[in-house]
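This briefing presents a protein structure for a first-year reader. Please keep the sequence and the 3D view at hand while reading.

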Amino acid sequence: MNIRIGQGIDFHRLEKGLKLWLGGVNIPSETGCVAHSDGDVLIHAICDALLGGAGLRDIGYYFPDTDAEFKNIDSKILLKKTVGLIKEKGFSVINIDSTVCLENPKIGAFISEMRSTISEIVETDVDNVAIKATTTEKLGFTGREEGIVAIAVVLLSK
Ligand SMILES: [Zn+2]
């Protein structure tokens with residue numbers, strides 16, 4: 001079996017009054033991500049991991065933030081398009097592991113909805129999609145609630 005690993009990381013600035021989208025789910029929050037798209041940092045990290053594993057380019061290459069087509073786009077659509085790109089190369093997802101790093105809000109209550117949303121789009125069992133949350137113990141830009149980070153690792157088979 002041809003097995004490939006991929007990793008992705010994404011950062012977004014947080015600002016008051018914007019909607020917070022994570023893993024395809026709208027999470028009640030005072031702040032949301034500043035972005036050309038809906039700013040779903042977790043989905044963006046997963047897209048980059050999928051693309052990397054398949055030996056493709058990055059999310060900015062396929063969905064440039066200079067393109068009006070992607071303005072305020074639902075990142076679930078970007079993930080679906082990304083899955084199409086890796087399928088074209090003959091790849092499917094074995095599993096995804098990911099971590100979201102932010103101080104606030106606490107996202108534990110939304111993890112299962114995020115997992116099922118993502119697993120459906122990438123066409124795998126929900127048990128194959130892990131999402132973890134952590135803080136930086138109030139250190140750095142995430143600790144000051146200025147930004148948010150997501151990291152994802154995927155395993156693909158061909
Ligand atoms: Zn992003």
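An open sheet of five strands, with mixed pairing, follows the order 4-1-7-5-6. The model is a predicted one. The points below take up the sheet, a zinc site, a group of aromatic rings and one helix in turn.

**The sheet**

- Strand 4 (31–33) and strand 6 (129–134) stand at the edges of the sheet; each has a single partner strand, so one side of each is left without a neighbour.
- From one strand to the next, the twist averages 20°.
- Strands of a sheet pair through backbone hydrogen bonds, in either a parallel or an antiparallel manner.
- Strand 1 pairs with strand 7 in the antiparallel sense, over 11 bridges. In this pairing, His 12 stands opposite Ile 148 of strand 7.
- Strand 5 (residues 92–101) and strand 7 (residues 147–157) are also paired in the antiparallel sense, over nine bridges. Two bridge partners in strand 7 can be named: Leu 156 is the partner of Val 93, and Val 149 is the partner of Cys 101.
- Strand 7 is mostly covered, since eight of its 11 residues are buried.
- Helix 1 (residues 41–53) lies across strand 1 (3–16), strand 5, strand 6 and strand 7, and runs at about 155° to strand 1.

**The zinc site**

- Which residues provide the protein donors of the zinc ion? They are Asp 10 through OD, His 12 through NE2 and His 44 through ND1, and they lie 2.0 to 2.1 Å from the ion.
- The spacing of these donor residues in the sequence is D-x1-H-x31-H.
- His 12 belongs to strand 1 and His 44 to helix 1, so the pair ties together parts that are 32 residues apart in sequence.
- His 12 and His 44 are both buried.

**The aromatic rings**

- The structure holds four aromatic pairs.
- A pair of aromatic rings is described by two quantities, the distance of the centres and the angle of the planes.
- For Tyr 62 and Phe 63, the ring centres are 6.4 Å apart and the planes stand at 55°, so this pair is tilted. An angle counts as tilted here because it is neither under 30 degrees, which would be stacked, nor over 60, which would be edge-to-face.
- Phe 63 also forms an edge-to-face pair with Phe 70, at 5.4 Å centre to centre and with 80° between the planes.
- Ring pairs link Tyr 61, Tyr 62, Phe 63 and Phe 70 into a cluster.
- Are Tyr 62 and Phe 63 buried or partly exposed? Tyr 62 is partly exposed, with a relative accessible area of 23%, whereas Phe 63 counts as buried at 10% relative accessibility. Phe 70 is buried as well.

**Helix 4**

- Helix 4 (residues 111–122) has 12 residues, which at 1.5 Å a residue should span 16 Å; the end C-alpha atoms are 16 Å apart, in agreement with this expectation.
- The buried residues of helix 4 are Ile 111, Met 114, Thr 117, Ile 118, Ser 119, Ile 121 and Val 122.
- These buried residues pack against strand 2 (20–22), strand 3 (25–27), strand 5 and strand 6, and also against helix 1 and helix 3 (75–88).
- Glu 123 follows helix 4, and its phi is positive, near 60°.

Terms used
Residues numbered from 1 in each chain as written. Predicted model: local features only at pLDDT ≥ 70, side-chain atom pairs only at ≥ 80, totals over all residues. Heavy atoms only, no water. Pairing = 2+ DSSP bridges. Helix = DSSP H or I, 4+ residues; strand = E, 2+ residues; numbered from the N terminus. Axes fitted to C-alpha atoms, helices over the stretch in contact; angles between N-to-C directions. Contact = heavy atoms within 4.5 Å. Phe/Tyr/Trp six-rings, centres within 6.5 Å; stacked < 30°, edge-to-face > 60°. Buried < 20%, exposed > 50% of the residue type's maximum accessible area, 1.4 Å probe, protein only. Donors = N, O, S within 2.8 Å, 3.2 Å for Na, K, Ca; no water. Expected span 1.5 Å × (residues − 1).
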